[in-house]
Amino acid sequence: MILSMTGYGKSEVTSGQRKFIVEVRSLNGKNSDVSIKSSILPRDKDLEFRQYITRRLVRGNIDVFLTSETVSGSEARRIDPDLFRDYFRQMSAVAESLNLDPRQDYMASMLVSSVLRMPDVVAADRDELTEGDVTAVSEAMHEAVDALIAFRTREGAVLKADLLTRVDNIESILAEAEVFESERVPAVRQRIVARMEELSLAPDHDRLEQEMIFYLEKLDVNEEKVRLRQHCRYFRDTMEAEECPGKKLGFIAQEMGREINTLGSKSNHAGMQKCVVRMKDELEKIKEQVLNIL
């Protein structure tokens with residue numbers, strides 16, 4: 001089965017007066033790189049969730065976002081009195097240095113309002129998760145990962161169809177290139193003979209034929225065509241049989257590239273070289289797509 005490494009999943013779950021939102025996003029990567037972005041997840045659960053995500057998603061650059069909000073909007077807030085007094089004293093001192101009286105009602109009101117906006121003066125009554133919260137977050141995490149896998153599956157079907165089309169295109173272009181082979185050998189022979197006539201050379205006929213055969217054998221591309229077709233079949237078989245074939249498909253694409261390059265260097269024919277360029281174009285698109293396959 002072909003799965004894309006790109007995906008997105010989201011889930012929401014309610015526990016008590018809090019709603020937890022879990023979002024999981026993945027992009028292509030060589031290995032599993034999990035990043036959990038949350039200030040409320042207990043440390044002892046961080047590793048557990050990372051292991052679960054790696055086991056389910058296998059590979060990719062994976063970002064997990066865990067946030068919470070109150071259901072009713074009435075969650076208790078608390079003021080840190082020590083921090084409030086410290087900020088208020090500092091602001092009062094600054095006001096006095098500017099010849100402002102912090103004891104006046106309007107100035108005191110302004111100072112109080114400013115202090116309440118300072119960091120950590122007002123905070124939620126609780127940030128830590130209860131056992132029920134952790135269970136709810138775990139459930140949301142599983143649902144979000146399931147949603148991401150479903151996304152990957154849909155994207156994988158599109159990738160598979162595209163790759164199969166491009167492999168078919170390479171084989172079709174290879175068949176077009178074979179048409180030029182019947183023209184290639186006589187053209188090479190004619191150029192060699194014409195050049196010898198220009199130089200007024202009169203070589204031994206048998207020796208000329210031997211050298212001609214030796215030279216033309218170097219231009220033979222039959223082995224490259226056979227291997228390229230084998231690689232194309234292997235590419236298809238791997239997509240069908242392997243569970244996570246991304247890396248293996250990349251290696252097969254490299255081997256396909258070697259055969260296409262050799263065909264180009266041996267073609268010695270304008271028509272065949274154009275076919276080689278078209279095959280290279282299809283192969284580059286295959287390589288780009290393979291990078292996003294799990």
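In what order do the four strands of the open sheet lie? The legends below start there and then move through a predicted model, one close-up at a time.

**View 1. The open sheet, strand by strand.** Here the four strands line up as β1-β2-β4-β3, and the pairing is mixed. At the edges sit β1 (7-15) and β3 (32-37), each with a pairing partner on one side only. If you ignore direction, neighbouring strands are turned by 15 degrees against each other on average.

**View 2. The antiparallel pair β1 and β2.** Zooming in on one edge, we have β1 alongside β2 (residues 18-27), running antiparallel and joined by nine bridges. To get your bearings, pick out S11, whose bridge partner in β2 is V22. Helix α4 (residues 131-178) also comes into the picture here: it packs on the sheet and touches β1, β2 and β4. Its direction makes about 155 degrees with that of β1.

**View 3. The parallel pair β3 and β4, with the crossover.** Over at β3, the pairing with β4 is parallel and takes six bridges. V34 is a handy landmark, standing opposite I62 in β4. Which hand does the β-α-β crossover from β3 through α1 to β4 have? It's left-handed. The connecting helix, α1 (residues 43-57), lies across β2, β3 and β4 (60-70), and runs at about 140 degrees to β3.

**View 4. The largest nonpolar core and its hub residues.** This one has 27 residues, and the ones with the most contacts inside it are I170, L228, F235, L249, M256 and M279. Which elements give two or more residues to this core? They are α4, α7 (222-241), α8 (246-267) and α9 (270-290). For a closer look at one hub, centre on M256: leaving aside residues up to four places away in sequence, M256 touches I170, L228, H231, C232, F235 and L283. As background, nonpolar side chains tend to be buried together in soluble globular proteins.

**View 5. A second core, apart from the largest one.** Another nonpolar core lies apart from the largest one and has 24 residues. Its members include V34, I36, Y52 and I62. Two of these names should ring a bell from View 3, where V34 stands opposite I62.

**View 6. Two loop residues with positive phi.** Most residues other than glycine have a negative phi, which makes a pair of backbone spots worth a look. The loop between α1 and β4 holds V58, with phi near 70 degrees. Is V58's side of the story buried or partly exposed? V58 is partly exposed, with a relative accessible area of 37%. In the loop between α2 (81-97) and α3 (105-116) you'll find N99, where phi is positive at about 65 degrees even though the residue isn't a glycine. N99 counts as exposed, because its relative accessibility is 74%.

**View 7. The aromatic pair in helix α2.** The count of aromatic pairs comes to one, and here it is: F84 and F88. Both lie in helix α2, four residues apart, or about one turn of the helix. Why is this pair called stacked? Their ring centres are 6.3 Å apart and the planes sit at 10 degrees, so F84 and F88 are stacked, given that the cut-off for stacking is under 30 degrees. As for the surroundings, F88 counts as partly exposed, at 25% relative accessibility.

Methods: Residues are numbered from 1 along each chain as its sequence is written. This is a predicted model: local features need pLDDT of at least 70, side-chain atom pairs count only at pLDDT 80 or more; totals for chains, interfaces and linings use all residues. Side-chain values use heavy atoms; hydrogens and water are left out. Two strands pair if DSSP finds at least two bridges between them. Axes are lines fitted to C-alpha atoms, for helices over the stretch in contact, and angles run from 0 to 180 degrees between N-to-C directions. Contact means heavy atoms within 4.5 Å. A nonpolar core is a set of buried Ala, Val, Leu, Ile, Met, Phe, Trp, Tyr and Cys residues joined through side-chain atoms within 4.5 Å. Buried means under 20% relative accessible area, exposed over 50%, partly exposed in between (1.4 Å probe, protein chains only). A crossover is right-handed if, with the strands pointing away from the viewer, the path from the first strand over the helix to the second runs clockwise. Rings of Phe, Tyr and Trp (its six-membered ring) pair if their centres lie within 6.5 Å; planes under 30 degrees apart count as stacked, over 60 as edge-to-face and the rest as tilted.
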